[in-house]
Amino acid sequence: MSIKNRWKIAFFTLLGGVLFIIIMIGGMVFSTDQPTSLPNTFMDNKKSVQFNISTHKEDLNKLLNQYVNITTSYNVRLKNDVIEFKGFVPVLSEKVQVKITFIPKASKNGDLILIPKSFSLGKLNLPISSVLKLVNSSVKLPDWIIIQPVNKTIYVELQKLKINHSHMKIKVNHINLKKDDISLKLLFFTDR
């Protein structure tokens, strides 16, 4: 390897390090460390008809491809034991790919809790709490997605999710991606 190539490699390594520091400092300066409160969702089960559904990753991936991956700039996919989220965030007037893998859990009230397992920005693997602060401050997410950098979780308030302007809501009974065992509850609201 010639000296000229070594200088190029050193220059781009230094440039990448400086950009990384700027991004991390910017994310920490412009974000808060206060915990986000979670909603206290209550559904009157007497005014709804409930259907329990068991499904698999393959079926949910088809549904995600139909509704999430086509209608947003993000790509969400259920893998072997994680949920994979891919998208782009603006970094210094450029768009850089973000990839996050999550371990999903059902909350007591049927919403979804996502616990980040890994996070990468471009080719860099970054600390999860810092990245969640950055995503929370720079990405416009629907109001039913609550990022909690302090707790290192993302709370998906499924019951706030609007499904084709219907009176239907979704709850997660349990989710185990390793065993491909996913149980959901659909609630249709009635007048009585």
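## A lysine in strand E5

Lys-117 is partly exposed, with a relative accessible area of 47%, a value that, like every other one in this report, comes from a predicted model. The side chain of Lys-117 meets that of Asp-81 in a salt bridge, with a nitrogen-to-oxygen distance of 3.7 Å. Because Asp-81 belongs to the loop between strand E2 (75–78) and strand E3 (83–91), while Lys-117 belongs to strand E5, this pair ties together parts that are 36 residues apart in sequence. Asp-81 also counts as partly exposed, its relative accessibility being 27%.

## The protein as a whole

The protein contains three helices and ten strands, and along the sequence these elements follow the pattern α-β-α-β-β-β-β-β-α-β-β-β-β. Of the 192 residues in the protein, 38% are buried. When contacts between residues at least 6 apart in sequence are considered, 47% of them join residues that are at least 24 apart.

## Strand E5 and its partners

Strand E5 (112–121) follows strand E4 (94–106), with Asp-111 in the loop between them. The two strands run antiparallel and are joined by nine bridges, and within this pairing Lys-99 stands opposite Ser-120 of E5. E4 and E5 form a hairpin with five residues between the strands, and in its turn Gly-110 has a positive phi of about 95°.

E5 is also joined to strand E6 (residues 124–125), again in the antiparallel sense, by two bridges, and here Ser-120 stands opposite Asn-125. Ser-120 therefore has a place in both pairings, facing Lys-99 as well as Asn-125 in E6, by the assignment of strands that pair through bridges. The hairpin of E5 and E6 has two residues between its strands, and Gly-122 takes a positive phi near 65° in it. A further antiparallel pairing joins E5 to strand E8 (residues 153–156) through three bridges, with Val-156 in E8 as the bridge partner of Leu-112.

## An open sheet of three strands

Another part of the structure is an open sheet whose three strands have the order E1-E10-E9 and pair in the antiparallel sense. Strand E1 (48–55) and strand E9 (168–176) stand at the edges of this sheet with a single partner strand each, so one side of each is left without a neighbour in the sheet. On average, and with direction ignored, neighbouring strands of the sheet are turned by 20° against each other.

The antiparallel pairing of E1 with strand E10 (residues 181–189) extends over eight bridges. One of the residue pairs here is that of Asn-52 and Lys-185, the latter lying in E10 and standing opposite the former.

## Salt bridges

Side chains of opposite charge can pair when their charged atoms come close. A search of the whole structure finds five salt bridges, including the one between Asp-81 and Lys-117 described at the start. Another joins Glu-58 to Lys-62, where the closest N and O atoms are 3.8 Å apart. These two residues are separated by about one helical turn, because they are four residues apart in helix H2 (residues 57–67). Glu-58 is exposed, with a relative accessible area of 55%, and Lys-62, at 52% relative accessibility, counts as exposed too.

The salt bridge between the side chains of Glu-84 and Lys-86 has a nitrogen-to-oxygen distance of 4.0 Å. Glu-84 counts as buried at 9% relative accessibility, whereas Lys-86 counts as partly exposed at 30%. Both residues belong to a network of salt bridges that links Lys-79, Glu-84, Lys-86 and Lys-99. Lys-99 has already appeared above, as the residue standing opposite Ser-120 in E5.

## A buried aspartate without a salt bridge

What surrounds the side chain of Asp-111, the residue in the loop between E4 and E5? Asp-111 is buried yet has no salt bridge, and the nearest side chain of opposite charge, that of Lys-171, is 8.2 Å away. Since a salt bridge requires a side-chain nitrogen of Lys or Arg within 4 Å of a carboxyl oxygen of Asp or Glu, the distance of 8.2 Å to Lys-171 does not meet that cut-off. The side chain of Asp-111 does, however, make a polar contact with the side chain of Tyr-155, at 2.8 Å.

Key
Residues numbered from 1 in each chain as written. Predicted model: local features only at pLDDT ≥ 70, side-chain atom pairs only at ≥ 80, totals over all residues. Heavy atoms only, no water. Axes fitted to C-alpha atoms, helices over the stretch in contact; angles between N-to-C directions. Buried < 20%, exposed > 50% of the residue type's maximum accessible area, 1.4 Å probe, protein only. Lys, Arg positive; Asp, Glu negative; His and termini not counted. Polar contact = N/O pair within 3.5 Å; in protein donor to acceptor, adjacent residues only side chain to side chain. Contact = heavy atoms within 4.5 Å.
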